[in-house]
Amino acid sequence: MDARAATPSLRLDLRDIAVAFGRVQVLHGVDLALAPGEVHALLGENGAGKSTLMNVLGGVVTPARGSVAVDGVALPPGSPRAAQRLGIAFIHQELNLVNDLSVWENLFLGREWHVAGVRRASAMRRRAGEVLQRLGVSLAPDMRVGALDAAHKQFVEIARALLFDARVVIMDEPTTALAEHEVARLFACMRQLRDEGVSLIYISHKLREVMQVCDRYTVLRDGRVVARGEVQATDEHRLADAMVGSALAARSTPSPCALGAALLAVEGLQAPGVHGVDFEVRSGEVVGLTGLAGDGRAELIDALCGHVAPRAGEVRIAGHDRTPRSPRAALRQGLGLVPRNRKENSILKDLSVQQNQSISALGAVSRWGVIDPRAEGKRARADCDRLGVRVHRLDAPITHLSGGNQQKVILAKWLATGAPVLVLDNPTQGIDVGAKAEIHPLIRDLAQQGKAVLVSSAEVTELQQVCDRVLVFFRGRIAAELTNAQLSEDAVLRLATGVATTP
């Protein structure tokens, strides 16, 4: 029996979809066809219309024109419940899980099984185990979700979709927080689902992954379809060019800057997850950190920035001999941090672009403790122009900006402090190839200005673009230091998994 018969297959057709929010036309007659049992890549820069199109499919947004048909049957517009009944499930980039509940409780949350008002816990636990087993995931249904790593949380979301017979699964940037070996595990799961007849729409800015796991692709730009076809008939460069509307510059080795004194020095640092780390970053230098998830990089950054007190060792920032014991102390000494999760840890969603930019350096735009809006606006406009932030109104909420422009605002916020040391934790996480191509030169410009920059990223291609040298972590220690010329996917993987101990 063909494995594809395991799940009833489904054909999806979106025809001539047009959406406008006020006077802004977001989608201009978009067509998208999804064949039964395929992995279809939906690509485009931030703001291209991908999320809006998927919200139309999920019944969240009602189009001004166009239709959605499932196996030839029209989907009622603006009805999320109807979309769910037809088997359409959306796994968002920000996972919707409750950390304090178990795996099985998360799977059934809002759709629990009851008999005569009594919750059927044993039956739900058993059913959860069956779905997890189908995915090939070694995960106990009673485990607390908060104790899981990022990869297992993704599998819980997929399991929740399959629990209620999803036939189309939309995955929005599912590998953002995953290491290479976790990505491989997720892709194996996706291929298994495809072979069982489940169709997947894969939204990602990581084009190398698209080439690995997807069958067909559709590229949106400015709300229109600009390219579509078979993945095996294209390559990463052509996809990137279609997304941005022009040819992106090829990767080049970063030009070295004049090096000065060590502005960040770490000696014998020991903290939870960090076991005796020594390194320094000099003025005019960009140093990378890389490895696998759980390798100690996140814990190292927590210690550098004063979030966690080290058990031993020293951290010296810009000549200060005292290891910072709080984020405020680290900032006073001259260290600025662009955190990993932009939406949770960096932006203040209820504040404007202008307010988000100035909040780390209010003294520069205040008199007698009162903020001067004109001075704040003037400084914000200058920073936006300098960093190429695309914004019509500085008083607009920062959430109105694309991910790439939000990231530039966060960078501007820390530049306003004048911090000589900047720690960038996954600085281009969740942003498109065009925005990355703009942010990478900005990082090199920081070094040209004489700052010491530390960049943590799991993307080797990104580190190749911006770093002079890279420290590879393995089990809380620095396994090796690689020059830019030595840096490659294979070299990092061998060192980060303990297969190799020298470059």
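## Two helices side by side

In this predicted model, helix H14 passes helix H15 in a left-handed crossing. H14 covers residues 403-415 and H15 covers residues 433-448; the two pack at an angle of about 15 degrees, and their axes lie 10 Å apart. Angles under 35 degrees count as roughly parallel, and H14 and H15 are therefore roughly parallel to each other.

Which residues make the contact? On the H14 side they are Gly404, Gln407, Lys408, Leu411 and Leu415, while H15 brings Ala435, Glu438, Ile439, Leu442 and Leu446. Sorted by class, the contact of H14 with H15 has 6 nonpolar residues, along with 2 polar and 2 charged ones.

## A mixed sheet of six strands

Next comes a sheet that you can trace strand by strand. It is an open sheet formed by 6 strands, in the order S17-S20-S21-S15-S22-S23, and its pairing is mixed. Strand S17 (335-338) and strand S23 (477-483) stand at the edges; each has a single partner strand, so one side of each is left without a neighbour in the sheet. On average, and with direction ignored, neighbouring strands here are turned by 20 degrees against each other.

Within this order, S21 and S15 follow one another. Strand S15 (residues 285-290) pairs with strand S21 (residues 452-456) in the parallel sense, over 5 bridges. If you would like a spot to look at, Val287 stands opposite Leu454 in S21.

## Where helix meets sheet

Helix H14 also links the two pictures above. Which strands does H14 lie across? They are S17 and strand S20 (421-425), and H14 runs at about 170 degrees to S17. Angles over 145 degrees count as roughly antiparallel, so H14 and S17 are roughly antiparallel by that cut-off.

## Strand S13 and its partners

Strand S13 (residues 262-271) pairs with strand S14 (residues 274-282) in the antiparallel sense, over 7 bridges. Gln270 stands opposite His275 in S14. The hairpin of S13 and S14 has 2 residues between the strands, and in this hairpin Gly273 takes a positive phi near 85 degrees.

How many bridges join S13 and strand S16? S13 and S16 (residues 312-317) pair over 5 bridges, in the antiparallel sense. For a pair to find on screen, take Leu264, whose bridge partner in S16 is Ile317. As background, strands of a sheet pair through backbone hydrogen bonds, either parallel or antiparallel.

Conventions
Residues are numbered from 1 along each chain as its sequence is written. This is a predicted model: local features need pLDDT of at least 70, side-chain atom pairs count only at pLDDT 80 or more; totals for chains, interfaces and linings use all residues. Side-chain values use heavy atoms; hydrogens and water are left out. Axes are lines fitted to C-alpha atoms, for helices over the stretch in contact, and angles run from 0 to 180 degrees between N-to-C directions. Helices (H or I, at least four residues) and strands (E, at least two) are DSSP runs, numbered from the N terminus. Angles under 35 degrees count as roughly parallel, over 145 as roughly antiparallel, 65 to 115 as roughly perpendicular and the rest as oblique. A crossing is left-handed if the near helix is turned anticlockwise from the far one by less than a right angle, and right-handed if clockwise. Contact means heavy atoms within 4.5 Å. Ala, Val, Leu, Ile, Met, Phe, Trp, Tyr, Cys and Pro count as nonpolar, Asp, Glu, Lys and Arg as charged, and the others, Gly among them, as polar. Two strands pair if DSSP finds at least two bridges between them.
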